[in-house]
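Thanks for sharing this one. Here are my notes, point by point, to read alongside the model.

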Amino acid sequence: MSQTEYITIKKASRKVLDRLRQIGIEKAQRLQKTQERWEAGEYSNVEIVQL
């Protein structure tokens with residue numbers, strides 16, 4: 001897995017901006033599902049290594 005913190009795109013096309021927006025939405029949805037599962041107690045014996 002690779003992690004990119006900051007991205008700068010000059011003169012980005014509408015297609016690129018739409019894709020970046022979609023990526024952000026998908027990430028938020030994944031985090032929300034994980035949070036719901038955590039609160040429901042689906043995870044046990046878990047150690048959080050990095051946030």
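1. Two salt bridges are present in the structure, which is a predicted model. As a reminder, side chains of opposite charge can pair when their charged atoms come close.

2. One of the pairs joins Arg21 to Asp18, with 3.0 Å between the closest N and O atoms. Both residues sit in helix α1, and because they are three residues apart there, about one helical turn separates them. Neither side of the pair is hidden away: Arg21 is partly exposed at 46% relative accessibility, and Asp18 is partly exposed at 35%.

3. The other pair to look at is Arg37 with Glu42, whose side chains meet at 2.9 Å, N to O. Arg37 is partly exposed, with a relative accessibility of 39%.

4. How many helices and strands does the protein have? The count is one helix and zero strands. The radius of gyration is 16 Å, well over the 10 Å that the globule rule gives for 51 residues, so the protein is more spread out than a compact globule. Along the principal axes, the C-alpha atoms fill a box of roughly 45 × 20 × 15 Å.

5. Burial is quickly summarised: buried residues make up 0% of the 51 residues. The accessible surface comes to about 5600 Å², and carbon and sulfur atoms account for 51% of that.

6. Do have a look at the nonpolar surface patch of about 480 Å², made by Ile7, Ile9, Val16, Leu17, Leu20 and Ile23. Val16, one of its members, belongs to helix α1, which covers residues 14–39. With a relative accessible area of 34%, Val16 is partly exposed.

7. Lys11 deserves a glance at its backbone: its phi is positive, about 55 degrees, although the residue is not a glycine. Lys11 lies in the segment before α1 and counts as exposed, at 85% relative accessibility.

8. Is Glu5 buried or exposed? With a relative accessible area of 58%, Glu5 is exposed; like Lys11, Glu5 is found in the segment before α1. From Glu5 to Arg30 there are 25 residues in sequence, and their C-alpha atoms lie 18 Å apart in space.

9. A last point on charge: the protein carries 10 positive and 7 negative charges, and the mean positions of these two sets are 15 Å apart.

Key
Residues numbered from 1 in each chain as written. Predicted model: local features only at pLDDT ≥ 70, side-chain atom pairs only at ≥ 80, totals over all residues. Heavy atoms only, no water. Helix = DSSP H or I, 4+ residues; strand = E, 2+ residues; numbered from the N terminus. Rg over C-alpha atoms; globule rule 2.2 N^0.38 Å. Buried < 20%, exposed > 50% of the residue type's maximum accessible area, 1.4 Å probe, protein only. Areas by Shrake-Rupley, 256 points an atom, 1.4 Å probe, with all protein chains shown as cover. Lys, Arg positive; Asp, Glu negative; His and termini not counted. Charge placed at Lys NZ, Arg CZ, Asp CG, Glu CD. Patch = residues over 30% accessible without salt bridge, like charges linked within 9 Å, V, L, I, M, F, W, Y side chains within 5 Å. Salt bridge = Lys/Arg side-chain N within 4 Å of Asp/Glu carboxyl O.
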